[in-house]
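Biologist: I would like to learn how to read a structure like this one. Could you walk me through it, feature by feature?

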Amino acid sequence: MENNKLIIGNMKMNLTLKEVKEYIKQIEPDKNFYVCPPSIYLSYFNDSGYNTGIQNVSEFDMGAYTGEISAIQAVSMGVDLVIIGHSERRMYLHETDEIINNKVKKSLLSGMDVILCVGETLEEKEQNNTKDKLNKQLIEDLKNLDKEDIKYVIVAYEPIWAIGTGKIPTNEEISDISNFIKQVVNNMYGLEPKVLYGGSINDTNIEELNNIDSIDGFLIGGACLKPDKFKKIIETVDKK
Ligand code: PGA
């Protein structure tokens with residue numbers, strides 16, 4: 001992984017093939033950012049020279065699991081990283097911390113970097129339970145790993161109330177939480193992971209967010225779908 005800030009675009013379940021072809025024409029691949037397209041389009045992005053990640057992998061190795069994609073298969077396609085534990089999957093696909101922990105292990109074993117997403121609901125934030133929630137997620141999702149593996153784990157702090165809502169924590173809040181995440185993982189394994197922020201990042205607020213020293217990069221949803229906006233975000237982060 002590069003030493004400078006990581007930029008990862010999570011395309012979620014968006015774009016048709018026609019739109020993918022247009023997208024590729026409008027934004028040049030660059031070592032400074034990754035795209036995580038819907039899996040069926042991965043080869044288009046890989047063949048066009050992009051760094052890619054996958055939005056999910058199976059908790060199993062290979063075999064009779066209709067519709068699933070294994071970590072081994074993702075790596076065989078040239079995929080560098082995987083997003084695991086996104087709140088949308090925890091919520092709509094009922095992914096438990098146990099399943100997430102299995103996926104983390106399979107992915108690390110296959111040689112992918114893991115972007116583990118953690119975050120609190122609005123209710124948890126209002127009840128001052130953010131750190132308890134994150135602590136529980138980190139402990140359960142990252143349990144029983146080899147210390148060496150932590151080098152390949154990146155934690156994305158994504159408050160659920162900030163995803164796709166236009167609401168965003170203050171820089172102080174993000175800084176406090178990212179230090180907290182680093183400390184929890186350091187207590188577990190004696191190593192600090194990189195921490196990304198994600199949730200309602202756009203081409204305007206990125207300038208301010210980019211001032212947070214303890215943040216090692218950004219996970220971008222909606223804004224990565226618009227090549228002009230995504231380019232502006234990448235340029236702003238790179239400029240610093
Ligand atoms: P958003 O999504 O940028 O559209 O808020 C971020 C994410 O879910 O990773």
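Modeller: Gladly. Keep in mind that this is a predicted model. Let us begin with a loop: Ser200 sits between strand S7 (194-198) and helix H9 (206-209).

Biologist: What is the phi of Ser200?

Modeller: The general idea comes before the case. Most residues other than glycine have a negative phi. Here, Ser200 has a positive phi, near 60°, and is not a glycine.

Biologist: Is Ser200 buried or exposed?

Modeller: A residue counts as buried when its relative accessible area is under 20%. Ser200 has 18%, so Ser200 is buried. Ser200 is also one of the residues that surround the ligand.

Biologist: Which other residue can I look at for a positive phi?

Modeller: Try Leu15, whose phi is about 80° and which is not a glycine either. Look for Leu15 in the loop that runs between strand S1 (6-10) and helix H1 (17-26). Its relative accessible area is 19%, so Leu15 is buried.

Biologist: Now the ligand. Which residues surround the ligand?

Modeller: To read a binding site, start with the list of neighbours and then look at individual contacts. The shell includes Asn10, Lys12, His86 and Glu158. A run of Ala162, Ile163 and Gly164 also belongs to the shell, as do Gly199, Ser200, Leu219, Gly221 and Gly222.

Biologist: How many nonpolar, polar and charged residues does the shell have?

Modeller: Sorted by class, there are three nonpolar, seven polar and two charged residues around the ligand.

Biologist: Which polar side-chain atoms should I look for beside an oxygen atom of the ligand?

Modeller: Begin with Lys12, where a polar side-chain atom is 2.7 Å from a ligand oxygen. For His86, a polar side-chain atom lies 2.7 Å from an oxygen atom of the ligand. Glu158 also places a polar side-chain atom 2.7 Å from a ligand oxygen.

Biologist: And how much of the ligand does the protein bury?

Modeller: To read this value, take the ligand's area on its own as the starting point. Alone, the ligand exposes 280 Å², and the protein buries 94% of that.

Biologist: Let us turn to charged pairs. How many salt bridges does the structure hold?

Modeller: There are 14 salt bridges in the structure. Let us take Glu22 and Lys25, whose side chains meet with 3.0 Å from N to O.

Biologist: Where do Glu22 and Lys25 lie relative to one another?

Modeller: They are three residues apart in helix H1, so about one helical turn separates Glu22 and Lys25. Glu22 has 37% relative accessibility and therefore counts as partly exposed, while Lys25, at 65%, counts as exposed.

Biologist: Which parts does the salt bridge between Asp141 and Arg90 tie together?

Modeller: For a pair like this, check the distance and then the place of each partner. The closest N and O atoms of Asp141 and Arg90 are 2.7 Å apart. Asp141 is in helix H7 (residues 130-141) and Arg90 is in helix H4, so the salt bridge ties together parts that are 51 residues apart in sequence. Both Asp141 and Arg90 are buried.

Biologist: Which residues are joined with Arg90 and Asp141 into one network?

Modeller: Through salt bridges that share partners, Arg90 and Asp141 are joined with Asp97, Lys136 and Glu140 into one network. Another salt bridge to find is that of Lys133 and Glu124, at 2.9 Å from N to O.

Biologist: What about the surface? Which residues make a nonpolar patch?

Modeller: Met91, Tyr92 and Leu93 make a nonpolar surface patch of about 340 Å². Met91 belongs to helix H4 (residues 87-92), and with 42% relative accessibility Met91 counts as partly exposed.

Biologist: Finally, how far apart in space are Tyr157 and Ser43?

Modeller: Here we compare separation along the chain with distance in space. From C-alpha to C-alpha, Tyr157 and Ser43 are 28 Å apart, and their positions lie 114 residues apart in sequence terms. Tyr157 is in strand S6 (residues 153-157) and is buried, at 3% relative accessible area. For another pair, Ser39 and Ile72 are 33 residues apart in sequence and 14 Å apart in space, C-alpha to C-alpha. Ser39 lies in the loop between strand S2 (33-36) and helix H2 (42-47).

Key. Residues numbered from 1 in each chain as written. Predicted model: local features only at pLDDT ≥ 70, side-chain atom pairs only at ≥ 80, totals over all residues. Heavy atoms only, no water. Near = heavy atom within 4 Å. Polar contact = N/O pair within 3.5 Å; in protein donor to acceptor, adjacent residues only side chain to side chain. Areas by Shrake-Rupley, 256 points an atom, 1.4 Å probe, with all protein chains shown as cover. Nonpolar A, V, L, I, M, F, W, Y, C, P; charged D, E, K, R; others polar. Patch = residues over 30% accessible without salt bridge, like charges linked within 9 Å, V, L, I, M, F, W, Y side chains within 5 Å. Salt bridge = Lys/Arg side-chain N within 4 Å of Asp/Glu carboxyl O. Helix = DSSP H or I, 4+ residues; strand = E, 2+ residues; numbered from the N terminus. Buried < 20%, exposed > 50% of the residue type's maximum accessible area, 1.4 Å probe, protein only.
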